[in-house]
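Got the viewer open? Let's take a walk through this one, stop by stop, selecting a few things at a time.

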Amino acid sequence: MEANHLTIMDLLDYMGRNAGMLWEYFWQHVGMVLTGTGLAFLAGVPLGVLCAHYPAAAKIVLTATNILQVLPSLAMLVLLMLWLGLGSDTVIVGLFLYSLNPIVRNTCVGLQQIDASYVEAGRGVGMSPLQILFQVRFPLSLTYLMSGVRIAAVIAIGVVTIAPLVGGDGLGREIYAGINNQNSLRIYAGAIPAALLAIVTDIVLGGLQRKLRLDNRKSGN
């Protein structure tokens, strides 16, 4: 079907007839994004704490995550495929590595930007270093941390669209099926939900980030 003959009704009709398959691809897409970025969060936050406290470690960790970040996503996935084989596991590991940099960097920056007077106040009331970290530093740096998660999630949604090239699932399967069959309806049916998912994720996480920032301002007044 030629792209210039398509209408919105054609697209809606196709998506309605294939809703079950498209929802399955959608949730596969979301699952890979959540798993990859979730693992990056679990590893990236402790690494960010390490970087904030030890400048020598920061140089090594941030350099390594920077290198991972600048690698083309397809090249990284292909390299991982040689090690892990075809499948969604390769995509998830790629997302984990790709998402580390914004989370590590923003956690580190957020912890370093805290006014020293808050830390001294915590020490003054007898808080231990761990108590200061979890009760003072983390709450005051949440807006920076959320910014890192926001960036990582939006990047991950885009990267997952190329997952089928290494045997993965998700909305990219519909996009590449459309390309291979020269079917514009299938391309749009995969690309539009992926784009909307990225936009909605950015808006929701951005709203949460602004709320955390406002809450921090109020708590500081």
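Start with two helices, α2 and α8 (residues 172-181): they pack with their axes 8 Å apart, at an angle of about 125°. An angle like that makes α2 oblique to α8. To see where they meet, select Met21, Leu22, Tyr25 and His29 on α2, then add Gly172, Arg173 and Glu174 on α8; these residues make the contact. Before going further, keep in mind that what you're looking at is a predicted model.

**Rings along α2**

Stay on α2 and show tryptophan 23 and phenylalanine 26. Both sit in this helix, three residues apart, or about one turn. How do their rings face each other, stacked or edge-to-face? The planes are at 85° and the ring centres 5.5 Å apart, so this pair is edge-to-face. Phenylalanine 26 counts as buried, because its relative accessibility is 19% and the cut-off for buried is under 20%. Now add Trp27: ring pairs link Trp23, Phe26 and Trp27 into a cluster. The count for the structure comes to four aromatic pairs.

**Into the core**

Next, select Met32, Val91, Leu95 and Val160. These are the residues with the most contacts inside the largest nonpolar core, which has 23 residues. Which elements give two or more residues to this core? They are α2 (19-53), α4 (73-84), α5 (88-112), α7 (129-160) and α9 (184-220). The largest share, five residues, comes from α2.

Zoom in on valine 160 and look around. Leaving aside residues up to four places away in sequence, valine 160 touches His29, Met32, Val33, Val91, Leu95 and Asp169. You've met His29 already, in the contact between α2 and α8.

There's another core to visit, too. This second one is separate and has 20 residues, including Ala58, Ile114, Leu133 and Leu145.

**Last stop: two cysteines**

How many disulfides does the structure hold? The number is zero. Select cysteine 51 to see one cysteine without such a bond: its nearest cysteine sulfur belongs to cysteine 108, 5.1 Å away. A disulfide needs the two sulfur atoms within 2.5 Å, so this pair doesn't qualify. Cysteine 108, likewise, is in no disulfide, and the nearest cysteine sulfur to it is that of cysteine 51.

Are these two cysteines buried or exposed? Cysteine 51 counts as buried, at 1% relative accessibility. Cysteine 108 is buried as well, with a relative accessible area of 5%.

Terms used. Residues are numbered from 1 along each chain as its sequence is written. This is a predicted model: local features need pLDDT of at least 70, side-chain atom pairs count only at pLDDT 80 or more; totals for chains, interfaces and linings use all residues. Side-chain values use heavy atoms; hydrogens and water are left out. A nonpolar core is a set of buried Ala, Val, Leu, Ile, Met, Phe, Trp, Tyr and Cys residues joined through side-chain atoms within 4.5 Å. Buried means under 20% relative accessible area, exposed over 50%, partly exposed in between (1.4 Å probe, protein chains only). Helices (H or I, at least four residues) and strands (E, at least two) are DSSP runs, numbered from the N terminus. Contact means heavy atoms within 4.5 Å. Rings of Phe, Tyr and Trp (its six-membered ring) pair if their centres lie within 6.5 Å; planes under 30 degrees apart count as stacked, over 60 as edge-to-face and the rest as tilted. Axes are lines fitted to C-alpha atoms, for helices over the stretch in contact, and angles run from 0 to 180 degrees between N-to-C directions. Angles under 35 degrees count as roughly parallel, over 145 as roughly antiparallel, 65 to 115 as roughly perpendicular and the rest as oblique.
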